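Please open the structure in your viewer with the chains coloured separately, and keep a selection box to hand. The stops below go from the pair of chains to single residues.

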There are 2 protein chains.
Amino acid sequence: MSEYIAPVRDMQFVLKELAGLEQVAQLPGCEEATPDLVDAVLEEAARFAEEVLSPLNWPGDQEGARWHDKTVTMPAGFKEAYRLFAESGWTALGSEPEWGGQGLPKVVAAAVGEMWKSANHSFSLCPLLTSGAIEALVLSGSEELKRTYVEKMVSGVWTGTMNLTEPNAGSDLAAVRTRAEPQDDGSYRICGQKIFITYGEHDLAENIVHLVLARTPTAPEGVKGISLFIVPKFMVNADGSLGARNDAYCVSIEHKLGIHASPTAIMAFGDHAGAVGHLVGEENRGLEYMFIMMNAARFGVGLEGVAACERAYQRARDYARDRIQCTDIGVRGGPKVPIIRHPDVRRMLMTMKSRAEATRALAYVVAAAHDAAVHHPDAGERKRNQAFVDLMIPVVKGWSTESGVSMASIGVQVHGGMGYVEETGAAQHLRDAQISTIYEGTTGIQANDLIGRKMAREGGATLQAVIGLMRGVAGELGARSGDDFAALQRRFSAAIDALAAAGEWLVANYGKDVRAASAGAVPFLMLLGVVAGGWQMARAALVAQTKIDAGDADPFYPAKIGTARFYADHVLSQASGLASSVTDGAAGVLALPEDMF
Amino acid sequence: MSEYIAPVRDMQFVLKELAGLEQVAQLPGCEEATPDLVDAVLEEAARFAEEVLSPLNWPGDQEGARWHDKTVTMPAGFKEAYRLFAESGWTALGSEPEWGGQGLPKVVAAAVGEMWKSANHSFSLCPLLTSGAIEALVLSGSEELKRTYVEKMVSGVWTGTMNLTEPNAGSDLAAVRTRAEPQDDGSYRICGQKIFITYGEHDLAENIVHLVLARTPTAPEGVKGISLFIVPKFMVNADGSLGARNDAYCVSIEHKLGIHASPTAIMAFGDHAGAVGHLVGEENRGLEYMFIMMNAARFGVGLEGVAACERAYQRARDYARDRIQCTDIGVRGGPKVPIIRHPDVRRMLMTMKSRAEATRALAYVVAAAHDAAVHHPDAGERKRNQAFVDLMIPVVKGWSTESGVSMASIGVQVHGGMGYVEETGAAQHLRDAQISTIYEGTTGIQANDLIGRKMAREGGATLQAVIGLMRGVAGELGARSGDDFAALQRRFSAAIDALAAAGEWLVANYGKDVRAASAGAVPFLMLLGVVAGGWQMARAALVAQTKIDAGDADPFYPAKIGTARFYADHVLSQASGLASSVTDGAAGVLALPEDMF
């Protein structure tokens, strides 16, 4: 069985040459992230991912998390792995030193996080949810709540969850009905049922800190009447020790397509005495706080897409190198060769490799912008970077995760019949990857966020700025010689034009005909992903050529140019079709009366 | 749980208006296929699929086929369903009356077969494999073998299998090592292991007729030394009764991603006394006979793709009608609406609906051509139709099944989080659909067959003829008025140009640089599928407009035009990107040395 090997070389290249790690390390508060430290962190994380998490991935899928009498038992090995994970400090990587965190920049945490996700998607969800909960608490909680909870969560002694949706709510949080009754002691009693709660119950840690959306009795209707509460599994005494069991129970877990080792809980709050909860921040501002968690979580889920592309690629590549079948095409009577020599297998592998690299580069660049948006001393720079992050988060989430599914499907295909046999492991990647396109907002929800809140609301200004940067890179491509750069320049320029036209159309039409604009939302998100990925591949090729011109003989560089060339002819070439679906596609989408479906 | 409803209206439309059922019924030997009879057959098949097969689909997936001590127990209900299926004559639908079959044309069998596949993919594989085995026996077997086996297989009393591949062979049948030792009585003793044998063992029928590829002692190396043998599970006495158990045992079944109710057997022949086999046809011509079965089976697997698109579409549509979530986009404070009203959900449903209709139309048109290729009194017409069938079988197989996977994935997405929960049923369609892109030759194998044997070998003549027919339809579109036809005409014409350019490039380069040509094989197969599907959607729109102009008020017709319009702007628009991947894509595919993957 192929085990995961972290792609440290490409990660380092992206961090240093594309995401500007050196500049990030000059931001106030990010000075720890020296090249040496980052290299050491990547090396240690790679070892942990490869040696501890990856070997548990397949057995964890087969055994699954098991529910019995309101408790969940994790698959064999997960508890010990989690203990090691927390003890090694991995839960604390990106958190503030004030709370015991290591305060490393998001761009470094992104590379490390990608490793956890590639090695063991199910396992990685526990720290992902916890860090989202930490972020919401740190930004919105009272000093007392922070003192009580944050340090234990940063150290991984306790884990966190996000309790948003309910059976009749789904993505529509206005429909949340869980109630929160204020008590004389300042606490609340929480009653209601929450569904799809990732790691809502497990045996990895001694306590679970649920962040729960609920309505107080005086709350207005809709999303403006939702408050955020903290509801621990075990109450916490004044000295920090654990007290009584709270009335928050996992009544069952879902039987899912994938991520079998990640328990997806149905949580019942207050079925007995009432669950004790504490208000986080102010009443009726819960959705706002939850969005803090959600944006971080959306980026994290986007990284799952990158990780799925990479993991599926590695397994398919390893199989293609080992599997001997047929002679070279066009050669009769020659020796049988590994299938990696067959052009169509290479095409599939290049599709996967180039997609992993493009989604990775885009995600890390966005993470670096996040660091600048938080830490840059100049307010204008912070604002400019934040606008870029806001624009690109739905793309990192939507495009990378859809890519993860497609690439995992290609990975199955590379294996032929063996890919369909579960023991091979390729099918698990496909089953696991599929969830990433759904949770934390489906691709459709990301796309509507993108064209509405992120583009139409500001008249497309940030997109135009990004397109300006892209055109600069296209100009640089034109100044290089050779077929590869000529092809890259031609495809990338045409793709930018397609993106610009579709973007202008959307901004112009969103206010006039929101249904027609929305009909093109997902094609536009995919278009922006394809072109932004091409932007990063083009930048990578430029850096690689500069290294080659300077006499660097590392074969990584010509391979990067070849991969960018592949991306240009096979992926950027899709841009004009996607743009047509945006600008001309609404008529077909909206043509049929509902009863003719 | 959404149950399957056969799309009889669209099937009838395609049969009558696009596939030319009336002309097929005029072919010698096809006269039974009167409109009334075909309507009655479709109605009865729909009832069987909806009432008997569909309700077993989900429980069959959950229970799965179970192996114990060399026997396989099918899930509850399958045995009774199979008995009813055979008794109702469905196994005999397409077979010759000489052997107890009903002799209905392939185009009618295609529509009926699509129903079985949509209703219960796993179940449908048993008759699919049996009919392939019948076809090979009828065309290649001796009179004695035919008398002994065919009638029982046509009536469904016995079932059939195809035993091709082995652990070290995969798609490379030259590597087959199973041995066949001639005996004094004219029979052979077969020894070897076969893998991936669909319905290699089960409890639905009293006997299983294995068709097995093996080598005689004097056989030459490679594919020219493979013979075909019939190896029954139980020997057959002279009076047709069952005799001793043959030494052909199922030693285990695979644990697969999907089609859990279809047992995928590992078969051991001759582990004990030696399995008794009888030569089919002549020695060393086994591959040729197997290809007879394989071409029929490839078409049948292509129909699985159509069926997956349809089934996934129906489930997603039903959910989208029922699920109430959010207000209409752009409307604040209005009532919550079914999600089918949200533009992006409509976009997903239209993607699925248009793909189901396009793949169906293409498949049935190819089936009708098969009928003409077999039955037409004019030799030129037979030849012309056969060339069309040969060209399009890899497209029906490859494009329809890849569409099935993509559409089933979209179907999961329409359900949001519920789609990821197995109980919903959407995930099963995705798991089941994935196999169709693999067995009977992966998409890559179909594509190499398409560009090599089907195009390059004849200089692209049949493709050019098809492009000529397409251009005729594009001309007709130009003669209609209105936005929909203008858009269809523009997109379809551009797509034909892209197809023609890519096809010419392939034919010109296949002989010069087969690796570069092969690198574009799958993009070309997808391109031909997209454009050929658009061709049929364009023909459908023309018929629909003619009906409307003649005063027909059936809302089916404007819906068909709307669906064709959607297909034009969202699918035909991809043609130029695919063509670029063919003509310019080889450089990127072939750029990297193997160790840089």
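To compare copies, the chains are superposed by least squares on the C-alpha atoms of residues with pLDDT of at least 70 in both; bear in mind throughout that this is a predicted model.

**The two chains**

Select chain A and chain B together: chain A can be laid on chain B with an RMSD of 0.0 Å by a turn of 180 degrees, accompanied by a shift of 0.0 Å along the axis. That is the relation of a two-fold axis. The same surface serves both copies, since 100% of the contact residues of chain A recur in chain B.

**Across the interface**

Next, select residues 575–584 of chain A, which form helix α18, together with residues 556–570 of chain B, which form helix α19. The axes of these two helices come within 8 Å and cross at roughly 140 degrees, which makes α18(A) oblique to α19(B). Show the side chains where they meet: S580(A), S581(A) and D584(A) on α18(A) make the contact with R565(B), D569(B) and H570(B) on α19(B).

Stay in chain A and select residues 556–570, where helix α17 has 15 residues and reaches 21 Å from its first C-alpha to its last, close to the 21 Å expected at 1.5 Å a residue. A surface display should show α17(A) mostly covered, with 14 of its 15 residues buried.

**Annotated domains of chain A**

Now colour chain A by the three ranges that follow, each taken from an unreviewed UniProt entry.

- Residues 40–156 carry the UniProt annotation "domain: Acyl-CoA dehydrogenase/oxidase N-terminal" (unreviewed entry); over this span chain A is 68% helix and 5% strand, and the end C-alpha atoms are 21 Å apart.
- Residues 284–450 are given in UniProt as "domain: Acyl-CoA dehydrogenase/oxidase C-terminal" (unreviewed entry); here the chain is 75% helix and 4% strand, with 25 Å between the end C-alpha atoms.
- Residues 483–593 are where UniProt places "domain: Acetyl-CoA dehydrogenase-like C-terminal" (unreviewed entry); this span is 84% helix and 0% strand, and its end C-alpha atoms are 50 Å apart.

**Helices of chain B**

Move to chain B and select residues 286–322, helix α9, whose 37 residues should span 54 Å at 1.5 Å a residue; the end C-alpha atoms are 53 Å apart, which agrees. α9(B) is mostly covered, as 30 of its 37 residues are buried.

Then select helix α14 (residues 443–455) and helix α18 (residues 521–549) of chain B, which pack at an angle of about 80 degrees with their axes 8 Å apart. That angle makes α14(B) roughly perpendicular to α18(B). On the α14(B) side the contact residues include T443(B), Q446(B), A447(B), L450(B) and I451(B), while those of α18(B) include V522(B), F524(B), L525(B) and M526(B).

**Two residues to finish**

Select R360(B), which is found in helix α10 (residues 343–375) of chain B. Is R360(B) buried or exposed? With a relative accessible area of 1%, R360(B) is buried, because anything under 20% counts as such. Leaving aside neighbours within four places in sequence, R360(B) is in contact with P7(B), D10(B), M11(B), V14(B), E114(B), V306(B) and E310(B).

Last, select A40(B) in helix α3 (residues 35–53) of chain B; at 37% relative accessibility, A40(B) counts as partly exposed. Draw a distance from the C-alpha atom of A40(B) to that of K560(B): these residues are 520 apart along the chain, and their C-alpha atoms are separated by 24 Å.

Note on methods
Residues numbered from 1 in each chain as written. Chains lettered and ligands numbered in written order. Heavy atoms only, no water. Expected span 1.5 Å × (residues − 1). Buried < 20%, exposed > 50% of the residue type's maximum accessible area, 1.4 Å probe, protein only. Contact = heavy atoms within 4.5 Å. UniProt positions renumbered as here; feature names shortened; annotations may be inferred. Axes fitted to C-alpha atoms, helices over the stretch in contact; angles between N-to-C directions. Parallel < 35°, antiparallel > 145°, perpendicular 65-115°, else oblique.
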